[in-house]
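Grab a pencil and work through the exercises below with the structure open beside you. Try each task yourself before you read its solution.

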Amino acid sequence: MFSEQNKEKINGADWPDAEWPAYIPKYHLHDFAAIDFEGANGEVTSACSMGVVIVRNDVIVERFYSLIKPVPNRYDFWTTKVHGITYKDTNHAPLFPEVWDNVKDKVRGLPMVAHGISFDERVLKALHELYRIPYPNYKFYCTHLGSEKLVPDLENHKLQTVAKYFGFDLASNHHNAVADAEACAVIAMNIF
């Protein structure tokens with residue numbers, strides 16, 4: 001956990017409102033949802049798995065994981081090399097709307113946290129648009145950018161590095177969407 005001095009930074013002691021980074025919450029997040037997607041190819045709609053971790057009162061209370069049939073349903077060599085998911089794994093997987101139905105009520109009203117919102121937020125928005133699901137304008141915070149600002153002395157700010165700094169070893173499960181979401185949640189509980 002951060003010292004009281006660093007907690008004050010998060011709570012607004014150092015940055016005027018006009019300069020406050022949008023990717024860092026102004027006050028400690030007690031309740032939030034951490035989300036992570038893995039992609040099948042370079043298309044933003046090609047999510048092939050999703051992990052969501054729900055935090056309530058500073059405690060992880062639920063984990064959700066599902067494979068997703070990606071759109072388009074093809075895999076690039078490098079993406080499969082990263083996460084190990086193949087066409088065979090997702091050819092009969094549910095489409096995003098069915099997967100989202102399992103979590104939408106659980107994340108309703110919660111801010112979202114991701115380690116690299118430029119990817120995960122874009123994917124979530126693109127999938128809502130693709131399937132014409134109303135998008136409720138989730139507030140997103142970023143543990144990658146947040147850790148760069150709030151824990152600047154780490155050797156890098158990759159998910160596994162920052163998670164390990166806070167005692168969560170991701171080594172054997174990295175790029176499993178729910179493990180990555182849990183690592184993100186642990187980071188957020190420590191810096192946000």
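## Exercise 1: A residue in a loop

Asparagine 41 touches Ser46, Pro72, Arg74, Asp76 and Thr79, once its neighbours within four places in sequence are set aside. Keep in mind that this is a predicted model.

**Task.** Find where asparagine 41 lies, decide whether asparagine 41 is buried or exposed, and find what its side chain reaches.

**Solution.**
- Step 1: Trace the chain. Asparagine 41 sits in the loop between β1 and β2.
- Step 2: Check the cover. The relative accessible area of asparagine 41 is 7%. Buried means under 20%, so asparagine 41 counts as buried.
- Step 3: Follow the side chain. The side chain of asparagine 41 comes to 2.8 Å from the backbone nitrogen of glutamate 43.
- Step 4: Look at two of the contacts, Arg74 and Asp76. Arginine 74 and aspartate 76 are themselves joined by a salt bridge, 3.2 Å from N to O. Arginine 74 is partly exposed at 40% relative accessible area, and aspartate 76 is partly exposed at 30%.

## Exercise 2: The whole chain

**Task.** How many helices and strands does the protein chain have, and in what pattern do they follow each other?

**Solution.**
- Step 1: Count the elements. You should get nine helices and five strands.
- Step 2: Walk along the sequence. The pattern reads α-β-β-β-α-α-α-α-β-α-β-α-α-α.
- Step 3: Add the surface. The chain has 192 residues, and 51% of them count as buried. About 9,900 Å² is exposed, with 49% of that coming from carbon and sulfur atoms.
- Step 4: Look at the contacts. Take those between residues at least 6 apart in sequence: 65% of them join residues at least 24 apart.

## Exercise 3: Put the sheet in order

**Task.** In what order do the five strands lie in the open sheet, and which strands stand at the edges?

**Solution.**
- Step 1: Read across the sheet. The order is β3-β2-β1-β4-β5, and the pairing is mixed.
- Step 2: Find the edges. β3 and β5 (140-142) each have a single partner strand, so one side of each has no neighbour in the sheet.
- Step 3: Note the twist, which averages 25° from one strand to the next.
- Step 4: Work through the pairs. A handy reminder: strands of a sheet pair through backbone hydrogen bonds, either parallel or antiparallel. Here's how three of the pairs come out:

| Pair | Direction | Bridges | One facing pair |
|---|---|---|---|
| β1 and β2 | antiparallel | eight | alanine 34 and valine 53 |
| β2 and β3 | antiparallel | eight | isoleucine 54 and glutamate 62 |
| β4 and β5 | parallel | three | methionine 112 and phenylalanine 140 |

- Step 5: Zoom in on the hairpin of β2 and β3. There are two residues between these strands, and asparagine 57 takes a positive phi near 50°.

## Exercise 4: What covers the sheet

**Task.** Which strands does helix α6 touch, and which does helix α9 lie across?

**Solution.**
- Step 1: Start with helix α6 (residues 117-130). Helix α6 packs on the sheet and touches β1, β2, β4 and β5. Its direction makes about 85° with that of β1.
- Step 2: Move on to helix α9 (residues 177-191), which lies across β1, β2, β3 and β4. Helix α9 runs at about 35° to β2.
- Step 3: Check β2, a strand on both of those lists. Nine of the 10 residues of β2 are buried.

## Exercise 5: Salt bridges

**Task.** How many salt bridges are there, and which parts of the chain does the bridge of glutamate 62 and lysine 106 link?

**Solution.**
- Step 1: Recall the idea. Side chains of opposite charge can pair when their charged atoms come close.
- Step 2: Count them. The total is six salt bridges.
- Step 3: Take glutamate 62 and lysine 106, whose side chains meet at 2.6 Å, N to O. Glutamate 62 belongs to strand β3 (residues 59-67) and lysine 106 to helix α5 (residues 104-107), so the pair links distant parts of the chain, 44 residues apart.
- Step 4: Check their cover. Glutamate 62 has 29% relative accessibility and counts as partly exposed; lysine 106, at 33%, is also partly exposed.
- Step 5: Try another bridge. Lysine 104 pairs with aspartate 101, with the closest N and O atoms 3.1 Å apart. Lysine 104 is partly exposed at 34%, and aspartate 101 is partly exposed at 47%.

Definitions and conventions
Residues numbered from 1 in each chain as written. Predicted model: local features only at pLDDT ≥ 70, side-chain atom pairs only at ≥ 80, totals over all residues. Heavy atoms only, no water. Helix = DSSP H or I, 4+ residues; strand = E, 2+ residues; numbered from the N terminus. Buried < 20%, exposed > 50% of the residue type's maximum accessible area, 1.4 Å probe, protein only. Contact = heavy atoms within 4.5 Å. Areas by Shrake-Rupley, 256 points an atom, 1.4 Å probe, with all protein chains shown as cover. Salt bridge = Lys/Arg side-chain N within 4 Å of Asp/Glu carboxyl O. Pairing = 2+ DSSP bridges. Axes fitted to C-alpha atoms, helices over the stretch in contact; angles between N-to-C directions. Polar contact = N/O pair within 3.5 Å; in protein donor to acceptor, adjacent residues only side chain to side chain.
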